[in-house]
Amino acid sequence: MSNVLRLAIVDPNDSKREALKTMLLGMDMIWLEAECSRYEFFADVVAQSNPDIGLVAIDEDPEKGLDLVARLGDTSPNCSVLVVSSSSDGSLILRAMRAGAKEFLTEPVRIDDLLAALGRISERRFGHGENRPRGSQVIVVAGAIGGVGTTSLAVNLGCVLAGDEHNSVALVDLDLCLGDADVFLDAIPDYTLVDVAQNVTRLDFTLLKRSLTKHASGLYLLPRPVQLEDISLITPDDLRRVIGLLKATFTHLILDLSKSYGPIDLIGLEMANHILLVTQLDLPCLRNVVRLMMSFGEMEGITDKVKIIVNRAGLESGQITLKKAEETIGKEIFWQLPNDYRTMVDVRNNGVPLIEQAPKAAITQSIITLAEALISDEKIEAPPIAGKKSGLGKLFNLFPNKSGK
Ligand SMILES: Nc1ncnc2c1ncn2[C@@H]1O[C@H](COP(=O)(O)OP(=O)(O)OP(=O)(O)O)[C@@H](O)[C@H]1O
Ligand SMILES: [Mg+2]
């Protein structure tokens, strides 16, 4: 239970209490410890159940509600009190805070506001240390050029992570025009990103999960829209909300970016914990990596999240050495995924993930170890790449024209 915030709620209004409970119950980070319909009993309930958070909805009787908030400060000082009211009157908010409330939310409670309040309480209580409740990790998979292996990595990494019973994992296909994550998973989804984005303010967590397609590996998929004309219905703001909701529901989110690096992709980059930038060791790819890294440098907080992943390592022809690539990019290569065309084509054509189709293959093992490295956020030694490390002397001068003109 160390990964969750335990919460007790009091609201004499049954239907409002139920609505709040529905919102809370879908959140992985929340364990609903107790509920109560009378202000008089709640201090005892809290004293006995000792939750991290006491949620007090004060609309039914604000005076009694605020008295209770003050009493909780005396009887259960370790319980952080969150007050909910339909009034946004400044003096009421002030009284609630003076009585000892840590947060004040106005009804109807928006999920993103609730999440933000819980996040602040969690941070105050647990800080950034090891005891902090587990947050969701957003892993963005982006590519340096079309066909570089972005979707192959996103899907298979998602399936590997979903194989661990401690994780709940969703993959969102942000390649809104041409994304094919559904093909890799042989899935025919009922809903797509456009349905979820358009209803995001009305969705609760149960509905959200139902809108996603669950693959046999345990991975949930939110695919790109079916119709091209629906793409424009998804706004960056909607997407930010969708990701916020998904973060509250899943331990890991994988975002398969398009190669257009448009506004939707940028939201992904902004909200990422890790950005896996997939490249191959050839000239067009590495040039793009350099260009992308320069652009990322102009954006706040992106560069440090980027991890360079070399795909199809061990390919014989047209490859530049790892050392030269690192020098050129100015960043270390975080990971190398071996070349295995036959297996990768089978995986895609059969719509079966690597972990099932070829569990022992070097490429599968490499993705498994990559997943472990991302979770522990430490660099673990990647398995050796089959095939020789190649280097073409004549390509050493990667950017002959890169003199700034
Ligand atoms: N490690 C690998 N070894 C050999 N082939 C690979 C490897 N990874 C991916 N491929 C192959 O490369 C092709 C492109 O892969 P994928 O669709 O994953 O790339 P992408 O970057 O998502 O492409 P797009 O730009 O169209 O979205 C596929 O045929 C896939 O099987
Ligand atoms: Mg793709």
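Visitor: At what N to O distance do the side chains of Glu103 and Arg124 meet in a salt bridge?
Guide: This is a predicted model, in which local features need pLDDT of at least 70 and side-chain atom pairs count only at pLDDT 80 or more, while totals for chains, interfaces and linings use all residues. Residues are numbered from 1 along each chain as its sequence is written, chains are lettered from A and ligands numbered from 1 in the order in which they are written, and side-chain values use heavy atoms, without hydrogens and water. A salt bridge requires a side-chain nitrogen of Lys or Arg within 4 Å of a carboxyl oxygen of Asp or Glu. Glu103 and Arg124 form such a pair, with an N to O distance of 3.2 Å.

Visitor: How many residues apart in sequence are the parts that Glu103 and Arg124 tie together?
Guide: Helices (H or I, at least four residues) and strands (E, at least two) are DSSP runs numbered from the N terminus. Glu103 belongs to strand S5 (residues 103-106) and Arg124 to helix H5 (residues 111-126), so the salt bridge links parts whose separation in sequence is 21 residues.

Visitor: Is Arg124 buried or exposed, or something in between?
Guide: Relative accessible area under 20% counts as buried, over 50% as exposed and in between as partly exposed, with a 1.4 Å probe and protein chains only. By that scale Glu103, at 7%, is buried. Arg124 has a relative accessible area of 47%, so the class for this residue is partly exposed.

Visitor: Which residues do salt bridges that share partners join into one network?
Guide: The search of the whole structure finds 15 salt bridges. Those that share partners join the following residues into one network: Asp14, Arg17, Glu18, Lys21 and Glu35.

Visitor: How many residues apart in sequence are the parts tied together by Glu35 and Arg17?
Guide: Glu35, which is partly exposed at 36% relative accessibility, pairs with Arg17, which is buried at 9%. Their closest N and O atoms are 3.0 Å apart. Glu35 lies in strand S2 (residues 30-36) and Arg17 in helix H1 (residues 14-25), so the parts that the pair ties together are separated in sequence by 18 residues.

Visitor: By about how much of the helix are Lys21 and Glu18 separated?
Guide: The side chains of Lys21 and Glu18 form a salt bridge at 3.3 Å, N to O. Lys21 is buried at 11% relative accessibility, whereas Glu18 is partly exposed at 38%. Because the two residues are three apart in helix H1, their separation is about one helical turn.

Visitor: Are H2 and H3 roughly parallel or roughly antiparallel to each other?
Guide: Axes are lines fitted to C-alpha atoms, for helices over the stretch in contact, and angles run from 0 to 180 degrees between N-to-C directions. The axes of H2 (residues 39-49) and H3 (residues 62-75) come within 10 Å and cross at roughly 20 degrees. Angles under 35 degrees count as roughly parallel, over 145 as roughly antiparallel, 65 to 115 as roughly perpendicular and the rest as oblique. The relation of H2 to H3 is therefore roughly parallel.

Visitor: Which residues of H13 make the contact with H12?
Guide: H12 (residues 283-298) and H13 (residues 322-329) pack at an angle of about 30 degrees, with their axes 9 Å apart. That angle makes H12 roughly parallel to H13. Contact means heavy atoms within 4.5 Å. Leu286, Val289, Val290 and Met293 of H12 meet three residues of H13, namely Ala325, Thr328 and Ile329.
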